[in-house]
Each structure stands twice: as structure tokens, then as C-alpha cells.
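Q: I have a structure open in front of me and would like to learn how to read its features one at a time. Where should we begin?

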2 protein chains.
Amino acid sequence: MSAHHHHPADFDHALGVLRKSRLKITQPRQAILKILIEEHGPFTMEELHRRMKKGACDLVTVYRCLATLEDVGLVRRCEFGDGSSRYEFGGREHHHHHIVCKLCRKVETLDICLVEGLERLVRDKGYTQVTHALEFFGICARCRKLPAAA
Amino acid sequence: MSAHHHHPADFDHALGVLRKSRLKITQPRQAILKILIEEHGPFTMEELHRRMKKGACDLVTVYRCLATLEDVGLVRRCEFGDGSSRYEFGGREHHHHHIVCKLCRKVETLDICLVEGLERLVRDKGYTQVTHALEFFGICARCRKLPAAA
DNA sequence: ATATGTGCAAATTCTTTGCATTAGA
DNA sequence: TCTAATGCAAAGAATTTGCACATAT
């Protein structure tokens, strides 16, 4: 069962998490969660906002919603080395990594993860609540043909 | 031989790279490289600027120098999930990863790296010039005692 | 000598905040 | 009903750009 692709169970689970945290299940939060669950992402704030049916909510609300959703672990922030942040659904459960093209910034998902074992090493250094981020960068096949791909 | 700590060879090597790229060896570029080599970093733009003897150069110049140094691979950009970018010396040669405290943002260096093998997998997908970033996050021993560390 | 790099100022973009209003539990 | 969330406007940061001047080669 792949982590992404339409999955109503994910949505219901998310609502549960919101309820448990005593957060309100508002229109903007639902819309954002649906987009993050159904389209793969990760998306920047603007991309997310643009994808909502226009007038759905203010950009500021997207900022605030994502901050809250990140706090309760429903959303994960990705940083791909270009200075901007992108967001995708899922905390620990939907664990995976990415391959980012250094030219066109296209993002592919990589389901493999051999890094969990290393977290023990970090815990041994006295850290708690340990997580990690692993991203790969490269030039994709299509960009390789571009003149810029010196 | 650890990757950091005063190392004149690093500095000379950096100058060589600049020359090879036909970039000028200016005061600001030298100052920035020295700081990045001698103090461990990684540093944000402001931190770096503040560390230079005052009046040494403009903040804008720090921005421009780091962009250039990143282009030629002398500097690596680190993003630790808080939206800001930090910079440290070294490309592939000075390869290592970090542990970042989720509360105080303190950064520790981790010299171990078991991920290089995974890069083949990415190359097999058609990517070239493959690199990766691996960061660990957790709450450090000191922060653990803070009330915020719920 | 001359092309590159820098300083300063200003534009642009990104993100956050205050407060009146609305909507969810 | 009553608190939490949103919209709008505006403030505040962070980053980029233009152009005249300075400086490495």
C-alpha cells in the first residue's frame, strides 16, 4: 500500500489527530490536507495556495495552517537546498526520501530508507525525539541534455 | 586528520579553485573562507557577516560571495528545517552530517556516513552529479530539562 | 588596462503580526 | 455561547538588483 495516492483513511486519521489536539476542523485545514494527501507534493506555500479553488482562503491562512499542521506532525517540511520550504503530508508513518534535480527541481520519491539504524547512534549521544532527513540531489535525465548541464 | 580546525592547506586549495575558475581573490572572499575554515560553522549570512572584523565588507557582499563559493563547490549550504540557510566550508571532500537540536538549534558534527552506497541507486535512475544531504534532529540533553521539551 | 567585484540604496519577495470578524465545538 | 481561526492590511525580515566606484589581474 503506497504512502500516497487518494487515501480517505489518511484524511480521517488527520481529522482524528486534529480533534485529539483540540484543533478545529476548518475549511482551509481540510482543503490543505486533501491537496497534500491526493496530490503528492511537496508544495511550497504559494503552490498550495494556488491549488486551492480560488478564494478558498488567504495565503496567510495557508502559512498559519501549515505551521499548526507541522506542530501536530501531520505535515512535514522539506528543504531541498534552494532556500525555499516545501510541505508534504505525513509524519513518521509516511516516511520516505526524495531525489531532487539540481536544475529543474523536479522531485521524485524514494521509498527506501536504510538510515533508521543510525538514529540509535544519535540517541546514544543523549538526544531524544530523534528524526532525520535524507535528500539526494542530481541532474535528471531530461536536464542532462540542456546546455546549462555543464 | 579531522575535516575542520585551522588548516592552511584548505585555504590554499580554496585559492587554487578560485584561480582555476578565473575568480578574483578578493579581501571579502578570503575573509569569508578563513572564517569558514577556522571556525567550524555552519553559519548564516548574518552570523558570518558579524564575525568579520567590522566594516570588512557589506552584508550584500557576503550574499554574493557565498553564492559564488557555492557555485564552485567551495561552500556547502545546509538547511536544518527552520527555514534559514547556513553555510560551511567544503564540498565532497569535507563530507559529514549534522545533529541539530530541535529546541536550541545547536549543531553537532557527525563524521560517520553510510549513505554513499545509496547514491548508486539514484544514479541507476538516470541522475548524474549525484550528492546527498543527511541531517538528524533531536532534543539535546540540556534542552531536555527545559519546560518546552514536552 | 580592463573586466570583475564591491558598496550603497532601493526594490522585491517572503513571512509574521494586530485586530476586527467569522465560524467551529 | 465562547474560544479558536480567518481575512485584510500593514509591518518586518530576508534576499536581490542597479549602478557608480574600487580593486585584482
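A: Let us begin with a pocket, bearing in mind throughout that this is a predicted model. In the lining of the second largest pocket, H2(A) gives the most, with six residues.

Q: How is empty space found in a set of atoms, and how much space lies in the second largest pocket?

A: The general idea is that a probe the size of a water molecule, rolled over the atoms, shows where empty space is left. In this case the second largest pocket holds about 230 Å³ of space. Its lining includes A:Gln27, A:Pro28, A:Gln30, A:Ala31, A:Lys34 and A:Ile35, and among the other lining residues are A:Arg51, A:Met52 and A:Lys53. By character, the lining divides into six nonpolar, two polar and three charged residues.

Q: Which residues come nearest to DNA strand D, and which part of the strand do they meet?

A: One reads such a surface by listing the neighbours and then asking which atoms of the strand they approach. Around DNA strand D there are 18 residues, of which A:Lys24, A:Thr26, A:Thr61, A:Arg64 and B:Tyr63 come nearest. Of the atoms of this strand that come within 4 Å of the protein, 67% are accounted for by sugar and phosphate. Two phosphate examples can be followed on the screen: the side chain of A:Thr26 has an N or O atom 2.9 Å from a phosphate oxygen of DNA strand D, while in A:Asp58 it is a backbone N or O atom that lies 3.0 Å from a phosphate oxygen of that strand. A base is approached as well, since an N or O atom in the side chain of B:Arg64 is 3.5 Å from a base oxygen of DNA strand D.

Q: Which helices supply the surface near DNA strand D?

A: Here one assigns each neighbour to its element of secondary structure. Helix H2 (27-38) and helix H4 (59-71) of chain A, together with helix H4 (59-71) of chain B, each supply at least two residues, and the largest share, four residues, comes from H4(A). The residues of this surface comprise nine nonpolar, three polar and six charged.

Q: What does the surface near DNA strand C look like when it is read in the same way?

A: DNA strand C is surrounded by 18 residues, the closest being A:Tyr63, B:Thr26, B:Arg29, B:Thr61 and B:Arg64. Sugar or phosphate makes up 64% of the strand's atoms within 4 Å of the protein, and the rest belong to bases. A polar backbone atom of A:Ile25 is 3.1 Å from a phosphate oxygen of DNA strand C, and an N or O atom in the side chain of B:Thr61 is 2.2 Å from a phosphate oxygen of this strand. On the base side, a polar side-chain atom of B:Arg64 lies 2.9 Å from a base nitrogen of DNA strand C. Two or more residues of this surface come from each of H4 of chain A, helix H2 (27-38) of chain B and H4 of chain B, with the largest share, four residues, from H4(B).

Q: Is A:Arg76 buried or exposed, and what does its side chain contact?

A: The general approach is to set the relative accessibility against a cut-off and then look for polar partners. A:Arg76, which lies in strand E1 (residues 75-79) of chain A, counts as buried because its relative accessibility is 16%, under the 20% cut-off. Its side chain makes a polar contact of 2.6 Å with the side chain of A:Glu88, and a polar atom of the A:Arg76 side chain lies 3.1 Å from the backbone oxygen of A:His96.

Methods. Residues numbered from 1 in each chain as written. Chains lettered and ligands numbered in written order. Predicted model: local features only at pLDDT ≥ 70, side-chain atom pairs only at ≥ 80, totals over all residues. Heavy atoms only, no water. Near = heavy atom within 4 Å. Polar contact = N/O pair within 3.5 Å; in protein donor to acceptor, adjacent residues only side chain to side chain. Nonpolar A, V, L, I, M, F, W, Y, C, P; charged D, E, K, R; others polar. 1 Å grid on protein atoms, 1.4 Å probe; cavity = no way out; pocket = protein on both sides within 12 Å on 5 of 7 lines; lining within 4 Å. Points joined across faces, edges and corners; volume = space filled by probe spheres on them. Buried < 20%, exposed > 50% of the residue type's maximum accessible area, 1.4 Å probe, protein only.
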